[in-house]
Amino acid sequence: MMQNTQNLSTDILENLLTEHHDFKVDVYESSDAYQVIAELPGYSKDNIDIQFDEKTLTISVKNTSTITQNQDNYLIKERNSNNQNRQFIFKNVDESNIKATLNHGILNVTLPIHHTKKQINID
């Protein structure tokens, strides 16, 4: 595939500065639930949106700044405004009992597992 090289330096700089700024998460499974723990320092719960739809957990965060400075002087402006999201797919979640807490910049989402397997005894 051929790429337009006219803006190559700008494209490389934008990729380096805008990609891979997703927040960090740990995801693990216990016998009763999935846990998603995300590092979100500086975010309030009003800036975090959590959705579960079609087996997909989506965590979106938005941070906008009210600081107004001369925009022409910025070479890089990441600190004051950003939007990020992460998505995870889970099976057999008890959707009605999903819970989330935010404590000191750590978001903890608990997705209880709805056990569908049933042991059948032979008579």
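**T58 and the strands of this model**

Me: What makes the pairing between the side chains of T58 and Q87 a polar contact?
Reply: In this predicted model, the two side chains come to 2.9 Å of each other. A polar contact needs a suitable pair of N or O atoms within 3.5 Å, so the value of 2.9 Å passes that cut-off.

Me: Why is T58 called buried?
Reply: Its relative accessible area is 16%. Buried means under 20%, so T58 earns the word.

Me: Which residues does T58 touch, leaving aside those up to four places away in sequence?
Reply: They are D49, I50, Q51, R86 and Q87. T58 itself sits in strand 4.

Me: How do you know that strand 3 and strand 4 pair?
Reply: Pairing takes at least two bridges, and 6 join strand 3 (residues 48-53) to strand 4 (residues 56-63), so they count as paired. The two run antiparallel, and one bridge links D49 to S60 in strand 4. Together they make a hairpin with 2 residues between the strands. In that turn, E54 has a positive phi of about 55 degrees.

Me: What makes strand 1 and strand 6 edge strands?
Reply: The open sheet has 4 strands in the order 1-2-7-6, with antiparallel pairing. Strand 1 (25-29) and strand 6 (99-103) each pair on one side only. From one strand to the next, the twist averages 15 degrees.

Me: How do you know that strand 1 pairs with strand 2?
Reply: There are 5 bridges between strand 1 and strand 2 (residues 33-39), and at least two are needed, so the pair qualifies. Its sense is antiparallel, and E29 stands opposite Y34 in strand 2.

Methods. Residues numbered from 1 in each chain as written. Predicted model: local features only at pLDDT ≥ 70, side-chain atom pairs only at ≥ 80, totals over all residues. Heavy atoms only, no water. Buried < 20%, exposed > 50% of the residue type's maximum accessible area, 1.4 Å probe, protein only. Polar contact = N/O pair within 3.5 Å; in protein donor to acceptor, adjacent residues only side chain to side chain. Contact = heavy atoms within 4.5 Å. Axes fitted to C-alpha atoms, helices over the stretch in contact; angles between N-to-C directions.
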